[in-house]
Amino acid sequence: MGCAARVLDLDPLEEVRRMAHEQLDQWLEQMRPLFEQEKPPTLLELSQHFTRSRQQLLGGVLQSLADALYAHLKDQRQARCPCCGKPIRRKRRDPKHGNTLQGPVDLERGYFYCTDCRVGFHPLHEEPVAACNQVAARRGPQVGSGFGPSTATDGSRP
Ligand SMILES: [Zn+2]
């Protein structure tokens, strides 16, 4: 076998696999009543049951994947300002609830605010390109490009 990096004892994908199997087990378990009823469901009923319950499975798997893939962002304390490149410290942690086609997903990530650029951002979700463009416009010699002055969320309040 190859000697994979032994930074962590657990392969993150293996952890996702374990969590996904748990989700699958829970999902299958809620199928049990279908096996206990007198007559088996029709194919249509089975399909409808599947449609109603699949978000539980898919959402759970998606949550497991997100937890593994974004684990490093949860505890991220420093990030580079996307506009000026200055390293800045995390102001706070923000929960993020997302509704996806696969179901709801909850994440937590840091919020960073560059006082020089007056730009706040969450590294995971928003590439603040537009905000950086506005910073460049504020600093540049030309004013009145059609973009109104923007007040970036200053992030001073938790
Ligand atoms: Zn900056």
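**Fold and confidence of the predicted model**

Met31 lies in the loop that separates helix α1 (12-29) from helix α2 (32-36). In this model, which is predicted rather than determined by experiment, Met31 counts as partly exposed because 13 C-beta neighbours are found inside 10 Å of it, where 12 or fewer would make a residue exposed and 20 or more would make it buried. The C-alpha atom of Met31 is separated by 8.7 Å from that of His49, a residue 18 positions away along the chain.

The protein as a whole contains 5 helices and 4 strands, and, read from the N terminus, its elements follow the order α-α-α-α-β-β-β-β-α. Among the 158 residues of the protein, 13% count as buried. Of the contacts in the protein with a separation of 6 or more, 56% are made by residues 24 or more positions apart.

The 4 strands are arranged as an open sheet in the order β1-β2-β3-β4, with antiparallel pairing. Strands β1 (78-80) and β4 (119-121) occupy the edges, and each has a single partner strand, so that one side of each is left without a neighbour in the sheet. From one strand to the next, the twist averages 45 degrees. At the β4 edge, strand β3 (residues 103-114) pairs with β4 in the antiparallel sense over 3 bridges, and Cys114 has Val119 of β4 as its bridge partner. Helix α3 (residues 43-69) packs on the sheet, where it touches β2 (87-100) and β3, and the direction of helix α3 makes about 30 degrees with that of β3.

Confidence in the prediction varies along the chain, as the following values show. The mean pLDDT of the protein is 81, and 79% of its residues reach 70 or more. Over residues 1-6, however, the pLDDT is below 50, and this stretch has 0 contacts in the model beyond near neighbours in sequence. The pLDDT also stays under 50 over residues 142-158, although for this segment the model has 15 contacts beyond four places in sequence.

Conventions: Residues are numbered from 1 along each chain as its sequence is written. This is a predicted model: local features need pLDDT of at least 70, side-chain atom pairs count only at pLDDT 80 or more; totals for chains, interfaces and linings use all residues. Two strands pair if DSSP finds at least two bridges between them. Helices (H or I, at least four residues) and strands (E, at least two) are DSSP runs, numbered from the N terminus. Axes are lines fitted to C-alpha atoms, for helices over the stretch in contact, and angles run from 0 to 180 degrees between N-to-C directions. Two residues are in contact if their C-beta atoms, placed from the backbone, lie within 7 Å. pLDDT is the predictor's confidence in each residue, from 0 to 100.
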